[in-house]
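Me: I'd like to learn how to read a structure like this one at my own bench. Can you walk me through it, feature by feature?

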Amino acid sequence: LHGGGYIHNLLVFHWQLIGSLVKETGATIVVPDYPLAPKATFEEVYAFVRVVYADVLRRYGQHKIVFMGDSAGGGLALGFAQVLRDEGQRNADEIVLLSPWLDVSCSHPDAPKAERKDPTLSIEGLRLAGIAYAGSKEATQLPKVSPLFGDMRGLGRVSVFIGTHDVFIVDCRVLREKLQQAGQDYYFAEYPRMFHAWAVAGRLPEARHARREIGKILKAKD
């Protein structure tokens with residue numbers, strides 16, 4: 001599930017990551033081209049992803065299933081997993097989150113401090129995109145929109161890759177605490193001085209390391 005603040009579509013960097021993971025692991029990767037805000041809100045996005053996932057289950061339900069997303073797509077991956085859990089449906093075995101956007105309202109009190117280290121994202125722009133995706137300011141903290149406010153119990157293993165120079169670092173650390181409190185199996189990788197979505201866009205040593213770790217997750221047996 002691709003990032004882009006729910007308002008931008010796939011970039012060449014996404015396809016490069018997908019291509020490298022397919023080549024390395026032999027995994028089948030399905031890329032939902034979900035509708036974007038402001039024409040679509042989270043309700044339409046979830047409806048679209050449901051249709052895609054139903055087809056994935058028909059084709060590959062007997063295999064290991066991984067939900068993976070970067071930035072906004074990371075938030076969508078975790079939120080969709082929470083919905084499936086609540087409905088008692090077949091869920092992902094692994095959830096891989098790359099610089100995930102977990103709270104579209106950017107409400108953490110330390111977010112402005114983290115923003116000063118982030119070279120790419122601004123809280124003001126994020127909040128505007130978040131409202132467009134939620135459909136209203138009041139809906140921005142619904143768990144389906146901002147899964148940081150959802151229940152973390154009963155999910156597949158959650159793996160988080162985040163840089164310290166990313167405004168989302170504060171929410172990712174809260175997620176780690178919530179996963180611990182829920183007794184949830186997780187992996188948390190925090191990369192010093194890495195910026196937003198470096199694992200997708202960069203050819204840095206840290207990006208190569210993250211991609212190797214993601215490859216291990218995809219290749220690991222159930």
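Reply: We'll go through the core, two helices, the cysteines, a buried charge and one residue of another helix. Keep in mind that this is a predicted model.

Me: Let's start with the inside. How many residues does the largest nonpolar core have, and which have the most contacts inside it?

Reply: A nonpolar core is a set of buried nonpolar residues joined through their side chains. Here the largest one has 54 residues, and F67, L76, W101, Y133 and L175 have the most contacts within it. Two or more residues each come from α2 (42-60), α3 (72-87), β2 (94-98), α4 (111-115), α5 (123-134), β3 (157-163) and α6 (169-181). The top contributor is α3, with eight residues. There's also another core apart from that one, with 17 residues, including V96, L98, A189 and M194.

Me: What does L175 touch, if I skip its neighbours within four places in sequence?

Reply: L175 is in contact with L78, L97, L102, L148, M152 and V160.

Me: Back to α3, then. Why call it largely enclosed by the rest of the structure?

Reply: For any helix, count how many of its residues are buried. In α3 that's 14 of 16, so the rest of the structure largely encloses it. You can check its length too: at 1.5 Å a residue, α3 should span 22 Å, and its end C-alpha atoms are 23 Å apart, which agrees. After α3 comes G88, with a positive phi near 70°.

Me: And α6: which of its residues are buried, and what covers them?

Reply: First, the general idea: an α-helix has 3.6 residues a turn, so residues three or four places apart point the same way. In α6 the buried residues are I169, V170, D171, C172, V174, L175 and L179. Their cover includes α3, β2, α4, β3 and β4 (186-191). The 13 residues of α6 reach 19 Å from first C-alpha to last, close to the 18 Å expected. G183 follows α6, and its phi is positive, near 70°.

Me: D171 is an acid in that buried list. Where is the nearest side chain of opposite charge?

Reply: With a buried charge, look for a partner within 4 Å, the cut-off for a salt bridge. D171 has no salt bridge: K178, the nearest side chain of opposite charge, is 9.1 Å away. Beyond residues up to four places away in sequence, D171 touches L102, D103, H108 and L148.

Me: I always check cysteines. How many disulfides does a search of the whole structure find?

Reply: Zero. For a disulfide, the two sulfurs must be within 2.5 Å. The sulfur of C172 is 12 Å from the closest cysteine sulfur, in C106, so that's too far for a bond. Both are inside, though: C106 is buried with a relative accessible area of 5%, and C172 is buried at 0%.

Me: One last residue, F13. Is it buried, partly exposed or exposed?

Reply: Go by relative accessible area: under 20% is buried, over 50% is exposed. F13 has 35%, so it's partly exposed. This residue lies in helix α1 (residues 12-25). Leaving out residues up to four places away in sequence, F13 touches V200 and A201. As for K64, its C-alpha and that of F13 are separated by 25 Å, and the two residues are 51 residues apart along the chain.

Technical notes: Residues are numbered from 1 along each chain as its sequence is written. This is a predicted model: local features need pLDDT of at least 70, side-chain atom pairs count only at pLDDT 80 or more; totals for chains, interfaces and linings use all residues. Side-chain values use heavy atoms; hydrogens and water are left out. A nonpolar core is a set of buried Ala, Val, Leu, Ile, Met, Phe, Trp, Tyr and Cys residues joined through side-chain atoms within 4.5 Å. Buried means under 20% relative accessible area, exposed over 50%, partly exposed in between (1.4 Å probe, protein chains only). Helices (H or I, at least four residues) and strands (E, at least two) are DSSP runs, numbered from the N terminus. Contact means heavy atoms within 4.5 Å. Lys and Arg count as positive and Asp and Glu as negative; His and the chain ends are not counted. The expected span of a helix is 1.5 Å times one less than its number of residues.
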